[in-house]
Amino acid sequence: MFVFFIININKKYHHTFISTKKGKDYTTSHFQESSNDATKARYSLKMSKHHWNSIEDEVRSWVESNWSRWEEEMPEWLDDNLQARIPVEWIPSKEARKAEK
């Protein structure tokens, strides 16, 4: 069935269906190339940790450096479900935030 589909689609779109890139590579590149927090969350915290394990330090640094701003802004993408996926040790304490200021 898939072969029939590939044969019948416009050839200029073949590259969108076939890739040698692994899911992990796709996830990490989207996280690293994005400057948007919602996109970074989608390609890290909403994915299996196995997808972003290789960039865990980057993800942790991103969470730690933006947490206080997110608490103030309460972005729509940072719902209770996503907050529960963030390791507690990545969330700076109130004392740590005061020391940073």
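In this predicted model, helix α5 has six residues listed here as buried: V59, W62, V63, N66, W67 and W70. One of them, W67, also marks a change of direction, since α5 bends by about 50 degrees there.

The span of α5 can be checked against its residue count. The helix covers residues 56–73, and at 1.5 Å a residue its 18 residues should span 26 Å. The end C-alpha atoms lie 24 Å apart, which agrees with that expectation. Beyond the end of α5 comes M74, a residue with a positive phi, near 45 degrees.

Closer to the start of the chain, the loop between α1 (2–8) and α2 (23–33) holds I18. Is I18 buried or exposed? Its relative accessible area is 52%. Exposed means over 50%, so I18 counts as exposed. On the surface, I18 forms a nonpolar patch with F2 and F5. Together the three side chains' residues, F2, F5 and I18, have about 310 Å² of accessible area.

T39 belongs to another element, helix α3, which runs over residues 37–42. The relative accessible area of T39 is 18%. Buried means under 20%, so T39 is classed as buried. How far apart in space are T39 and E89, C-alpha to C-alpha? The distance is 22 Å, for a pair separated by 50 residues in sequence.

Two residues thus illustrate opposite classes: I18, in the loop between α1 and α2, is exposed, whereas T39, in helix α3, is buried.

Methods. Residues are numbered from 1 along each chain as its sequence is written. This is a predicted model: local features need pLDDT of at least 70, side-chain atom pairs count only at pLDDT 80 or more; totals for chains, interfaces and linings use all residues. Side-chain values use heavy atoms; hydrogens and water are left out. Patches are made of residues with over 30% relative accessible area and no salt bridge: like charges are joined within 9 Å, nonpolar side chains (Val, Leu, Ile, Met, Phe, Trp, Tyr) within 5 Å. Accessible areas come from the Shrake-Rupley method with a 1.4 Å probe; for residues, only the protein chains shown count as cover. A salt bridge is a side-chain nitrogen of Lys or Arg within 4 Å of a carboxyl oxygen of Asp or Glu. Helices (H or I, at least four residues) and strands (E, at least two) are DSSP runs, numbered from the N terminus. Buried means under 20% relative accessible area, exposed over 50%, partly exposed in between (1.4 Å probe, protein chains only). The expected span of a helix is 1.5 Å times one less than its number of residues. The bend at a residue is the angle between axes fitted to the seven residues ending there and the seven starting there.
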